[in-house]
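Open the model in your viewer and keep the selection panel handy. We'll go stop by stop.

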Protein chains: 4
Amino acid sequence: MKIGMIGLGRMGGNMARRLMRDGHQIVAFDRDAGAVAKLVADGAEGASSLDEARGKLDSPAIWWVMLPAGEITQATIEQIAANAQPGDIVIDGGNSFYKDDIRRAKALREKQLHYVDVGTSGGVWGLERGYCMMIGGDKETVDLLDPIFRTLAPGIGTIPRTPERVQGEGEDDRAELGYIHAGPAGAGHFVKMIHNGIEYGLMQAYAEGFDILKGKSSEKLPEDERFDLNLTDIAEVWRRGSVISSWLLDLTAQALARDNALSTFSGRVADSGEGHWTIDAAMEEAVPANVLTAALFARYRSRVDHTFGDQVLSAMRFGFGGHVEMPQ
Amino acid sequence: MKIGMIGLGRMGGNMARRLMRDGHQIVAFDRDAGAVAKLVADGAEGASSLDEARGKLDSPAIWWVMLPAGEITQATIEQIAANAQPGDIVIDGGNSFYKDDIRRAKALREKQLHYVDVGTSGGVWGLERGYCMMIGGDKETVDLLDPIFRTLAPGIGTIPRTPERVQGEGEDDRAELGYIHAGPAGAGHFVKMIHNGIEYGLMQAYAEGFDILKGKSSEKLPEDERFDLNLTDIAEVWRRGSVISSWLLDLTAQALARDNALSTFSGRVADSGEGHWTIDAAMEEAVPANVLTAALFARYRSRVDHTFGDQVLSAMRFGFGGHVEMPQ
Amino acid sequence: MKIGMIGLGRMGGNMARRLMRDGHQIVAFDRDAGAVAKLVADGAEGASSLDEARGKLDSPAIWWVMLPAGEITQATIEQIAANAQPGDIVIDGGNSFYKDDIRRAKALREKQLHYVDVGTSGGVWGLERGYCMMIGGDKETVDLLDPIFRTLAPGIGTIPRTPERVQGEGEDDRAELGYIHAGPAGAGHFVKMIHNGIEYGLMQAYAEGFDILKGKSSEKLPEDERFDLNLTDIAEVWRRGSVISSWLLDLTAQALARDNALSTFSGRVADSGEGHWTIDAAMEEAVPANVLTAALFARYRSRVDHTFGDQVLSAMRFGFGGHVEMPQ
Amino acid sequence: MKIGMIGLGRMGGNMARRLMRDGHQIVAFDRDAGAVAKLVADGAEGASSLDEARGKLDSPAIWWVMLPAGEITQATIEQIAANAQPGDIVIDGGNSFYKDDIRRAKALREKQLHYVDVGTSGGVWGLERGYCMMIGGDKETVDLLDPIFRTLAPGIGTIPRTPERVQGEGEDDRAELGYIHAGPAGAGHFVKMIHNGIEYGLMQAYAEGFDILKGKSSEKLPEDERFDLNLTDIAEVWRRGSVISSWLLDLTAQALARDNALSTFSGRVADSGEGHWTIDAAMEEAVPANVLTAALFARYRSRVDHTFGDQVLSAMRFGFGGHVEMPQ
């Protein structure tokens with residue numbers, strides 16, 4: 001199929017490449033003309049504006065917008081919509097908030113345009129490994145785009161099939177290939193958002209575990225209860241037959257193998273919106289989510305040297321344990 | 001009554017003074033002869049050793065040990081027990097772990113000695129305000145010591161009586177005076193331990209609230225959603241008619257009134273054993289205690305610049321979002 | 001002053017009474033004519049519509065809207081605004097979300113109307129004890145309304161003054177009387193929102209502590225480590241000289257004095273919006289708030305018999321510990 | 001090698017079988033004679049007592065004790081030690097607390113016996129997949145036992161090697177085969193304990209995520225923000241190329257494929273000691289572990305219908321929001 005790829009950063013550029021390798025045609029646009037030129041060198045048609053890109057697309061036009069969530073995505077989609085013809089399709093492949101998807105899909109529907117949101121996981125590994133995709137939108141449009149998703153997805157590959165899985169009984173056969181049609185517009189990004197919320201929780205579970213392992217050599221402990229553990233070997237051995245093996249553990253084992261003190265990392269940990277939005281969703285549904293929240297808050301805490309709250313604690317302790325005059 | 005007060009720090013010294021003011025006699029001992037001399041100046045008999053102190057006490061001897069929990073308390077009690085006569089009474093007024101009380105009471109019982117554990121709250125305010133006491137031990141001994149507890153306790157004072165409270169129906173009348181016989185040996189320190197666990201939770205609730213209030217001026221927020229709030233006034237107003245008024249809030253209001261930036265406090269917050277032991281108790285009973293635990297962990301976190309766990313998070317993020325070569 | 005009180009539920013009705021007792025005049029309106037009649041019997045002028053109420057007010061009119069947060073408050077304020085004259089003042093005394101206040105104040109300002117948001121704490125005790133108030137709005141309007149706030153507030157009363165508090169140095173003298181001008185529109189409800197977030201945290205800290213005390217009699221524990229503690233007495237004694245004395249503890253002591261098993265309470269605990277919004281605010285500011293969040297989630301959890309998440313855990317445990325066939 | 005396998009439950013029996021398949025000899029003992037008979041049918045020598053088993057073993061004897069942690073393991077090891085000859089080796093392959101290992105190793109060392117603790121992960125899958133093992137003990141003994149561990153371990157198999165891993169530079173080559181010598185006695189079970197603590201955290205992260213996904217169809221939500229998500233497909237798609245793929249997710253996908261409502265699971269979730277001990281270790285080291293703790297507490301909470309703490313909350317809310325008389 002012919003796709004207008006807007007945004008040629010690491011994610012957009014690699015997706016375009018994976019699509020072209022499998023025979024799709026790409027019309028490429030980015031504010032950065034150099035990024036366009038690079039993709040043209042790899043076989044894409046270049047465009048120096050959205051208008052020019054539209055001219056090179058078929059009808060209905062298929063746009064894949066791969067930009068940072070927020071204002072720039074919103075503005076780009078509005079600009080595309082302003083010059084679109086009925087039936088055109090806009091795919092937001094970024095990390096938009098799912099309520100923005102719901103709103104946008106409604107706005108585009110009024111112009112007879114189709115909106116599809118695609119949450120993707122796989123990061124920099126996607127070019128080779130394929131992208132895990134969670135898709136929201138109306139059925140006809142998602143079905144029409146199937147060749148695109150099939151190319152981008154990892155496929156069955158070497159991952160064992162789930163034994164009990166029954167095909168064709170209300171399940172989505174595409175799940176085994178690495179993509180699903182999750183529901184109407186917004187559902188794709190919603191599922192991706194929860195994915196990221198879980199990711200934070202998993203990461204923090206490993207982080208706390210390794211922290212306790214490392215702390216076991218502490219001189220605070222009685223001498224005969226101290227161990228000087230080799231974290232690199234522990235991460236490695238857990239990859240092999242243990243209940244907690246995972247891709248995140250594989251990455252941890254790699255990092256520790258390079259440097260078991262992780263000394264190139266300062267430990268100030270960023271968070272993107274999805275962790276925050278996941279907790280919002282939990283609260284809207286009144287679902288307790290202590291682990292996902294604690295994981296998010298650990299990141300907030302990692303980015304400040306101390307909190308004002310800590311000072312309040314100290315001030316109280318001074319108040320009842322110390323040197324204040326008696327109130328009158 | 002005549003009491004051997006062992007340990008004349010701020011707590012022990014003030015308790016001795018409050019007892020003497022009400023007509024009790026104190027035999028005072030401390031490793032620090034200066035502390036003994038000071039209390040002698042206030043009316044106590046001094047002693048330069050436990051043996052000498054024993055000689056000045058009646059039979060049965062009443063010992064009040066007011067030392068840091070742990071080895072020194074244990075050693076002192078053992079030494080007292082070694083020279084004791086049947087019927088002598090040892091009161092541990094420090095912050096011992098309640099399982100140590102259970103063990104010690106059993107050991108002393110074999111020598112026909114009585115052991116009483118007293119958890120006290122009130123800190124430096126106790127000399128004037130009185131000490132809130134939670135007492136463990138056998139009934140006869142606790143009853144015998146009642147004049148001592150009555151003197152140390154705050155009494156009804158100006159605190160309104162609980163309207164629905166019925167006297168003499170299985171309730172302990174002494175509660176209104178500020179002390180209770182909580183149960184057998186260990187029960188006093190157990191109740192005090194939970195008291196401190198709750199204290200941590202309360203403190204952290206205020207700390208987080210003030211942290212969010214302070215953060216509301218952050219430039220991260222949209223300009224029309226920022227407020228520059230006066231925390232000093234907020235603490236003060238909440239003392240007056242609000243649901244969250246408390247003594248800890250009074251102390252917070254005082255601290256903020258002195259310096260609304262709390263700039264003399266670095267925010268590295270110590271914890272004593274009770275918070276930790278409270279979580280142990282929760283786990284032994286399989287009681288979920290998310291708030292009390294989070295409060296304890298916030299203190300741990302306040303004392304380190306970053307955690308190794310934070311570095312693990314960063315290493316993973318680098319792994320899936322970045323620059324690592326594809327695994328083979 | 002003359003005030004149009006809209007909404008004569010327990011809060012609105014009692015506020016009107018407290019105002020009239022101190023010489024203010026009330027024009028009363030409620031959808032429920034019976035509520036109006038009752039307040040007329042207590043000295044108010046009644047009105048059977050907002051229009052009629054407007055006719056009985058001075059210029060500028062002062063409206064106090066005391067309705068449930070959300071649609072009805074919004075609709076009422078819009079209706080008042082539609083018939084208002086420049087300079088009229090609308091006070092929202094309910095529990096509105098502060099971002100709604102910011103939006104409404106802007107909308108009213110365009111019509112030369114003034115909007116003031118008042119967060120109140122004190123519940124059913126306010127008629128006698130006075131209402132703790134946190135006020136948002138422009139300075140002139142808040143100053144103009146001062147006689148109203150002064151009447152509603154508790155005043156200094158018997159609560160000791162904060163010793164270090166310096167008057168007239170950037171602090172708000174009104175704080176000691178039980179009300180503050182917290183900032184522009186929205187600031188009042190924002191501060192009240194955080195107040196409630198803290199309230200949840202404090203309550204949960206006590207709840208967990210009492211839970212552990214109660215569990216100490218569990219047969220799961222070794223026999224010599226069990227205590228059968230009297231929670232009624234413990235709550236009472238902590239009111240007297242301990243670090244954790246508070247109004248919430250007073251209420252707990254009352255409840256336990258009535259029935260130490262709290263058997264009339266099922267333990268399904270509601271939450272209003274403020275707890276949720278407090279966590280939203282924490283996330284917007286990237287402030288870790290583990291305690292306040294855990295307190296909110298405990299309420300969510302209390303209202304369901306089990307979670308789907310619990311079933312997921314069981315399913316996993318079955319998977320790795322049990323009876324599933326080997327994947328192929 | 002010749003091994004005395006004590007305890008022929010699912011774990012012990014399967015380990016014995018895996019060892020025999022690879023040429024080792026097993027002397028089998030269990031209180032249950034039927035279990036012995038079954039293993040004899042598979043090629044083991046049977047024994048009807050520990051004494052008889054000792055007679056059939058070489059010198060030094062190698063014992064693998066595979067019994068529930070606690071009294072029975074302790075008693076069995078004591079009995080073995082009582083009849084042991086210098087140089088004999090006792091391996092505890094169960095889930096003992098690591099401080100018990102430290103104590104036992106010291107006691108056995110005094111009799112010139114060797115103690116090795118082996119934490120194993122892999123559950124019922126181990127017979128086919130191999131057992132991930134974390135081993136504590138002195139170097140000579142662990143090296144001597146290497147043929148046993150090599151047989152039980154999964155080996156490299158199909159799991160990709162960690163690219164950056166350098167052999168022979170202070171790392172343990174055995175980690176890639178699925179076992180490590182973690183340190184002195186106790187270190188094996190300590191590492192296994194943390195493994196289980198992490199396991200709880202990972203499981204709870206998935207559980208909360210799926211709970212939020214399921215709740216997204218709730219009628220509490222605005223109609224246009226509800227999604228009716230297919231959890232079975234979501235679990236499946238996340239297995240393929242996403243950041244959160246793991247073995248636990250594989251198991252979840254299997255369970256959902258069998259029954260997407262998980263209706264055979266009630267959601268009352270057990271916990272073994274390791275989760276609890278992990279938090280103990282965190283507290284001893286002063287390491288914040290909010291996620292691991294919240295995961296443990298979620299299990300406690302899942303096993304009760306409500307908590308007394310919830311009732312305390314309700315009682316307080318009644319107190320300040322309702323119908324209590326004013327305190328005097």
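Which residue of chain D comes closest to the rotation axis? Select Ser246(D): its C-alpha lies at 1.9 Å. A turn of 180° with a shift of 0.0 Å along that axis lays chain D on chain A with an RMSD of 0.0 Å (least-squares superposition on C-alpha atoms of residues with pLDDT of at least 70 in both copies).

A quick word on ground rules: this is a predicted model, where local features need pLDDT of at least 70 and side-chain atom pairs pLDDT 80 or more, while totals for chains, interfaces and linings use all residues. Residues are numbered from 1 along each chain as written, chains are lettered from A and ligands numbered from 1 in written order, and side-chain values use heavy atoms, without hydrogens and water.

Now show chains D and A together. Here 93 residues of chain D are in contact (heavy atoms within 4.5 Å) with 93 of chain A. The two chains bury about 7800 Å², 65% of it on carbon and sulfur atoms; that is accessible area lost on being put together, with a 1.4 Å probe, summed over both. Colour Ile212(D), Arg240(D) and Val243(D), which lose the most area to chain A.

Next, zoom to Lys106(D) and Asp224(A), whose side chains form a salt bridge at 3.8 Å, N to O. The interface has 6 of these (Lys or Arg side-chain nitrogen within 4 Å of an Asp or Glu carboxyl oxygen).

Last stop: chains B and C. Chain B goes onto chain C by a turn of 180° and a shift of 0.0 Å, with an RMSD of 0.1 Å, which is the relation of a two-fold axis.
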